[in-house]
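Subject: The structure you asked about

Hi,

Here is the structure, as promised. Have a look at it first, and then read my notes underneath.

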Amino acid sequence: MAKVVTASSAGTAFEWYDFFIFGALASVIGQVFFSGLSDTMGVIAALGLFAAGFAFRPLGAIVFGAMGDRIGRKATFLITVSLMGGATFAIGLLPTYASAGLVAPILLIILRICQGMAIGGEYGGAAIYVAEHADDDKRGAATGWIQASAAFGLIAALLVIYFTRTSIGEDAFLDWGWRVPFLVSILLLAISVWMRFKLNESPAYQKLKEEGAVTSTPLREAFAEKKSAKKVLTAFFGFMAAQGALWYCAFFYVQVFLEKNLGIPGAEVNWIILIVTIVSAPLYVFFGWLSDRLGRKPVMVGGMLIGLVAFFPGFHAIADAVNPQLSRAQAESPVVIVTDLATCSSQFDPTGTAQFTTACDIASKAVIDSGVGYQRVASDDGTTAITIGETAIAVAEAGTVDMAGLDAALRSAGYPLAADLDEVDWTTLYFWMLVFTVAATALYGPMAAALVEMFPTRIRYTAMSLPYHVGTGWVGGFLPVTAFTIVAATGDIYAGLWYPVFFIALSVVCALVFWKERHGQPLH
């Protein structure tokens with residue numbers, strides 16, 4: 001059992017490493033592959049590309065899920081880990097926008113899609129493989145290691161990025177050092193493939209094969225038959241939607257918030273996330289073990305409720321703790337855009353290619369590029385101006401903003417250029433990060449066991465992979481770009497939190513009404 005858990009968890013951790021380095025380098029990717037865009041549009045485009053990898057995870061779940069139910073667990077996740085490692089290594093060899101123009105982001109999109117397909121097939125195979133080996137009363141603890149592999153992968157990604165960044169300097173990292181984390185993946189790929197070659201097929205699938213009961217139509221049985229389809233929908237709405245929203249807010253959107261909105265340097269943000277991720281690793285196993293005793297439902301719903309009530313007060317408290325100068329300036333001298341409100345657009349542009357030419361949009365974009373929030377009020381004469389205290393900066397249609405004047409007005413009103421690390425209340429920051437971490441791990445730790453227990457062996461790989469990857473791939477993967485775009489459109493740095501809060505609340509209701517507990521029961 002130790003060999004099964006170690007090999008499966010290590011391989012999955014390496015795949016998460018490959019997938020997460022892209023998200024951790026979103027700001028750098030924006031500068032390298034979208035250098036023709038503004039800072040804000042570059043970040044949105046990079047986050048949109050981060051989301052693109054998630055968008056193809058359900059397709060990978062369908063393709064590799066059906067493969068896993070037809071040819072076996074071991075062969076399938078050997079294919080997925082090879083695809084992931086190869087695509088990640090290739091990203092490290094890509095030309096930049098400066099040297100190849102649009103060819104660079106196009107190639108990046110293709111490789112990102114390959115990554116999404118691979119991770120779509122990987123998770124289900126590893127979770128099922130461990131669960132089908134585990135004792136019925138220890139399934140949550142055993143699969144908790146698979147859940148912890150996401151933390152191990154993120155830890156590895158952040159460590160490689162942090163030490164590369166700090167050892168060669170920020171300029172060199174932006175020039176060529178960003179490639180190192182991607183190229184290192186070739187070593188992890190070799191280790192992962194070697195470890196998984198040493199494993200045998202899972203006993204449950206082997207028994208199914210010996211009995212001649214392996215399905216030839218896993219997609220039809222999983223999604224076209226009413227009983228199975230109902231379970232798939234229950235899994236998605238009951239807890240997978242919440243998992244995508246809660247986990248990616250706690251570990252990824254918070255990075256964008258700290259760096260872009262609060263002005264914490266990128267290397268320092270990596271260190272903060274690294275610490276809380278290290279703390280999270282044993283919690284996945286602990287909550288998986290706890291669910292073996294109390295049940296999956298009370299532990300996972302408890303995690304959802306913690307996230308639901310903690311996000312808004314937590315993010316406000318983090319802002320006050322990390323950048324108190326910014327909080328004071330926003331309270332004493334709020335930035336107000338006086339404009340014709342009818343000309344303001346949502347500015348939802350994940351690709352970063354749309355053109356916004358109204359004075360309202362130009363003013364809004366300029367303020368968000370400066371890293372601060374704003375309010376909009378209607379003007380009496382239809383003109384547009386950015387007001388900060390007693391200072392007003394006029395903005396014309398299809399014109400530009402005097403960024404030097406805007407910057408000087410912000411500094412004069414007390415808005416800091418960046419967070420002062422000497423003023424950061426680290427205790428408050430880490431307290432709330434720990435609250436988010438407990439919520440995410442309580443929900444995610446028992447999740448593999450809960451999913452495995454919902455479906456029969458014949459269609460388990462196919463049926464559990466799709467709701468998992470729609471939840472994490474679409475709800476979670478699109479969280480950073482959607483939340484950040486909501487902030488850019490509204491001027492409220494906290495408005496993006498309504499996205500995860502909505503999905504968590506939806507899952508709480510659906511779990512309490514429709515989800516039936518099955519912990520401790522035999523998988524057959």
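Cysteine 344 and cysteine 360 form a disulfide, with 1.9 Å between their sulfur atoms; the rule for a disulfide is a pair of cysteine sulfur atoms within 2.5 Å. By that rule the count comes to 1 disulfide. The bond is right-handed, because the torsion about the S-S bond of cysteine 344 and cysteine 360 is about 105 degrees. This pair links distant parts of the chain: cysteine 344 sits in the loop between strand 1 (335-339) and helix 18 (359-369), while cysteine 360 is in helix 18, 16 residues apart. Helices (H or I, at least four residues) and strands (E, at least two) are DSSP runs, numbered from the N terminus. Both cysteine 344 and cysteine 360 are buried. For burial, the cut-offs are under 20% relative accessible area for buried, over 50% for exposed, and partly exposed in between (1.4 Å probe, protein chains only).

Before you go further: this is a predicted model, where local features need pLDDT of at least 70 and side-chain atom pairs count only at pLDDT 80 or more, while totals for chains, interfaces and linings use all residues. Residues are numbered from 1 along each chain as its sequence is written, and side-chain values use heavy atoms, with hydrogens and water left out.

Two other cysteines, in case you were wondering. Why does cysteine 249 have no bond to cysteine 510? The cysteine 510 sulfur is the closest cysteine sulfur to that of cysteine 249, but at 20 Å it is too far for a bond. Cysteine 249 is buried, at a relative accessible area of 0%, whereas cysteine 114 is partly exposed at 25%.

Now the inside. The largest nonpolar core (buried Ala, Val, Leu, Ile, Met, Phe, Trp, Tyr and Cys residues joined through side-chain atoms within 4.5 Å) has 159 residues. Those with the most contacts inside it are Phe239, Trp247, Leu258, Phe315, Ile318 and Ile386. Helix 14 (residues 226-261) gives the largest share of this core, 20 residues. Leaving out residues up to four places away in sequence, tryptophan 247 touches Phe20, Ala150, Leu154, Ala242, Phe252, Tyr284, Ala440 and Tyr444; contact here means heavy atoms within 4.5 Å.

Proline 500 is in helix 24 (residues 498-514) and counts as buried, at 0% relative accessibility. With residues up to four places away in sequence not counted, proline 500 touches Ala245, Cys249, Phe311 and Leu479. The C-alpha atoms of proline 500 and proline 456 are 31 Å apart, with their positions 44 residues apart along the chain.

On the outside, Leu102, Val103, Ile106, Leu107 and Ile110 make a nonpolar patch on the surface, with about 450 Å² of accessible area together. Patches take residues with over 30% relative accessible area and no salt bridge, joining like charges within 9 Å and nonpolar side chains (Val, Leu, Ile, Met, Phe, Trp, Tyr) within 5 Å. The areas come from the Shrake-Rupley method with a 1.4 Å probe, and for residues only the protein chains shown count as cover. Leucine 102 lies in the loop between helix 6 (97-100) and helix 7 (103-131), and at 59% relative accessibility it counts as exposed.

Last, the charges. The structure holds 10 salt bridges, each a side-chain nitrogen of Lys or Arg within 4 Å of a carboxyl oxygen of Asp or Glu. One of them pairs arginine 458 with glutamate 221 (2.5 Å, N to O). That pair links distant parts of the chain, 237 residues apart: arginine 458 in the loop between helix 21 (447-454) and helix 22 (460-476), glutamate 221 in helix 13 (residues 218-224). Arginine 458 is partly exposed at 31% relative accessibility, but glutamate 221 is buried at 11%.

Arginine 296 and aspartate 292 also meet in a salt bridge (2.9 Å, N to O), and both are buried. Arginine 411 pairs with aspartate 407, their closest N and O atoms 2.6 Å apart. Both lie in helix 19 (residues 403-412), 4 residues apart, about one turn of the helix.

Arginine 460, in helix 22, is buried with a relative accessible area of 0%. Its contacts include Asp69, Arg73 and Glu132.

Cheers
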